[in-house]
Amino acid sequence: MAKEINTIGVLTSGGDAPGMNAAIRAVVRTALAQGKKVKGIMRGYQGLIDEEIIDMDKHSVSDIIQKGGTILGTARCDDFRTPEGQQRGAEVCRKYGIDGLVVIGGDGSFQGAQKLAHLGVNTIGIPGTIDLDIACTDYTIGFDTAVNTAMEAIDKVRDTSTSHERCSIIEVMGRHAGYIALWCGLANGAEDILLPERYNHDEQKIINHIIDSRKLGKKHHLIINAEGIGHSSSMAKRIEAATGMETRATILGHMQRGGSPSCKDRVYASIMGAYAVDALCEGKSSRVVAYKKGEYIDIDIDEALAMSKDISEYEYNISKVLAR
Ligand code: ADP
Ligand code: F6P
């Protein structure tokens with residue numbers, strides 16, 4: 001029989017995402033409601049190794065559901081990639097009596113959780129990343145707020161692009177994943193969408209598209225470029241030289257990671273946070289909470305990390321048809 005859980009630890013790791021606070025709140029309040037103690041680990045795996053651990057009560061999570069960022073802080077911790085760092089993390093969990101650990105973060109953070117699970121720490125992951133790039137789940141906390149932030153910013157760039165009859169290259173986040181770019185491309189009616197998963201570096205095709213659109217009387221040309229492709233400023237110079245159309249690059253950057261979470265992010269985060277605690281209390285371990293085909297589920301962490309995900313070809317094709 002699984003050992004009874006008395007103390008639950010919670011940490012946020014990797015890039016922050018709007019809604020992480022709502023998830024922390026749900027973890028803390030659900031655990032307290034079930035008579036468990038809760039420890040907050042500051043600054044992700046770095047804080048675990050450094051024993052930056054605080055006791056949390058219901059007031060620790062008051063007035064945070066509407067706040068962006070993460071009250072626990074987050075970090076990228078290279079030491080935790082080493083076996084020594086992972087051993088240290090597992091020892092600290094034992095020292096503080098943490099017999100269930102909730103890790104809120106992306107794929108990288110789940111790999112850290114997987115290592116801890118293999119060292120005997122009961123772990124459960126909650127998908128928190130603006131990138132939507134975790135294969136086992138249809139939703140990741142933060143994506144909705146981030147795409148809405150980016151969409152609103154791109155609408156503003158569109159206004160001035162139209163007035164000045166310019167081409168605008170707008171770079172959105174997503175080093176390896178083009179979900180933000182694809183969604184903004186669709187939502188903002190962009191003329192071209194460049195995704196790391198699909199772009200073949202055929203700049204001439206974009207140039208021809210701009211020239212053809214100008215002939216048809218289009219007043220602007222919006223190109224959404226994913227961070228993973230990058231080079232927006234030099235691309236703008238080359239496009240301006242080749243088309244004669246004034247071209248500007250705007251890099252939206254970290255603004256996409258901040259701000260008050262949307263309703264969707266707050267609700268998914270609240271349910272996933274509560275689900276994670278329920279799963280631990282039911283004796284589950286080495287799991288990841290996911291949202292799949294309209295349902296909240298949990299998946300074995302090894303299986304979750306072995307899955308892969310790609311942009312939907314159907315959605316990508318629609319984006320191209322609508323842009324013409
Ligand atoms: P995200 O969780 O958003 O994908 P990262 O990839 O930066 O962000 O990972 C966050 C942290 O998770 C890393 O800084 C590191 O501490 C830990 N981590 C990532 N990959 C591994 C791994 N293979 N083994 C152990 N820990 C890892
Ligand atoms: O994973 C979230 C994310 O915002 C990615 O879209 C981006 O590539 C990366 O984090 C940026 O990381 P940093 O905050 O270290 O610049």
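Let me begin with the overall layout: taken over C-alpha atoms, the centres of domain 1 and domain 2 are separated by 34 Å. Where the two domains touch, the contact takes 14 residues from domain 1 and ten residues from domain 2. As for the bounds, domain 1 covers 7-142 + 261-306, while domain 2 covers 144-257, and I should say at once that what we are looking at is a predicted model.

With that division in mind, let us turn to the ligands, starting with ligand 2. Where does ligand 2 lie with respect to the two domains? Both domain 1 (7-142 + 261-306) and domain 2 (144-257) give residues to the shell around ligand 2, and therefore it lies between them. The residues around this ligand are Arg-76, Thr-129, Ile-130 and Asp-131, together with Met-173, Gly-174, Arg-175, Glu-227, His-254 and Arg-257. Sorted by class, that shell has five charged, three polar and two nonpolar residues.

Going down to individual atoms, an oxygen atom of ligand 2 lies 2.7 Å from a polar side-chain atom of Arg-76, and an N or O atom in the side chain of His-254 is 3.0 Å from an oxygen atom of the ligand. Gly-174 takes part through its backbone, where a polar atom is 3.2 Å from an oxygen atom of ligand 2. Of the 400 Å² that ligand 2 exposes when taken alone, the protein buries 79%. As to its location, ligand 2 sits in the largest pocket.

Now to ligand 1, for which the same pocket matters, since the space taken by ligand 1 is the largest pocket. Which residues are the closest to ligand 1? It is surrounded by 16 residues, and the closest are Arg-76, Cys-77, Gly-106, Ser-109 and Gln-111. Arg-76 thus appears in this list and also among the residues around ligand 2.

The polar contacts of ligand 1 involve both backbone and side-chain atoms. In the side chain of Ser-109, an N or O atom is 2.5 Å from an oxygen atom of ligand 1. From the backbone, an N or O atom of Cys-77 lies 2.6 Å from an oxygen atom of the ligand, and a polar atom of Gly-106 is 3.0 Å from an oxygen atom of ligand 1. On its own, ligand 1 has 550 Å² of accessible area, and the protein covers 85% of this.

To close, I would come back to the two domains, which both give residues to the shell around ligand 2, and to the largest pocket, in which ligand 2 sits and whose space is taken by ligand 1.

Note on methods: Residues are numbered from 1 along each chain as its sequence is written. Chains are lettered from A and ligands numbered from 1 in the order in which they are written. This is a predicted model: local features need pLDDT of at least 70, side-chain atom pairs count only at pLDDT 80 or more; totals for chains, interfaces and linings use all residues. Side-chain values use heavy atoms; hydrogens and water are left out. A residue is near a molecule or strand if one of its heavy atoms lies within 4 Å of it. A polar contact is a pair of N or O atoms within 3.5 Å; within protein, one must be able to donate a hydrogen and the other to accept it, and residues adjacent in sequence count only if both atoms are side-chain atoms. Accessible areas come from the Shrake-Rupley method with a 1.4 Å probe; for residues, only the protein chains shown count as cover. On a 1 Å grid over the protein atoms alone, a cavity is a set of points where a 1.4 Å probe fits but cannot get out, and a pocket is an open set with protein on both sides within 12 Å along at least five of seven lines; lining residues have an atom within 4 Å of a point. A molecule sits in a cavity or pocket if more than half of its atoms lie within 2 Å of its grid points. Ala, Val, Leu, Ile, Met, Phe, Trp, Tyr, Cys and Pro count as nonpolar, Asp, Glu, Lys and Arg as charged, and the others, Gly among them, as polar. Domain bounds come from an automatic or database domain assignment. Contact means heavy atoms within 4.5 Å.
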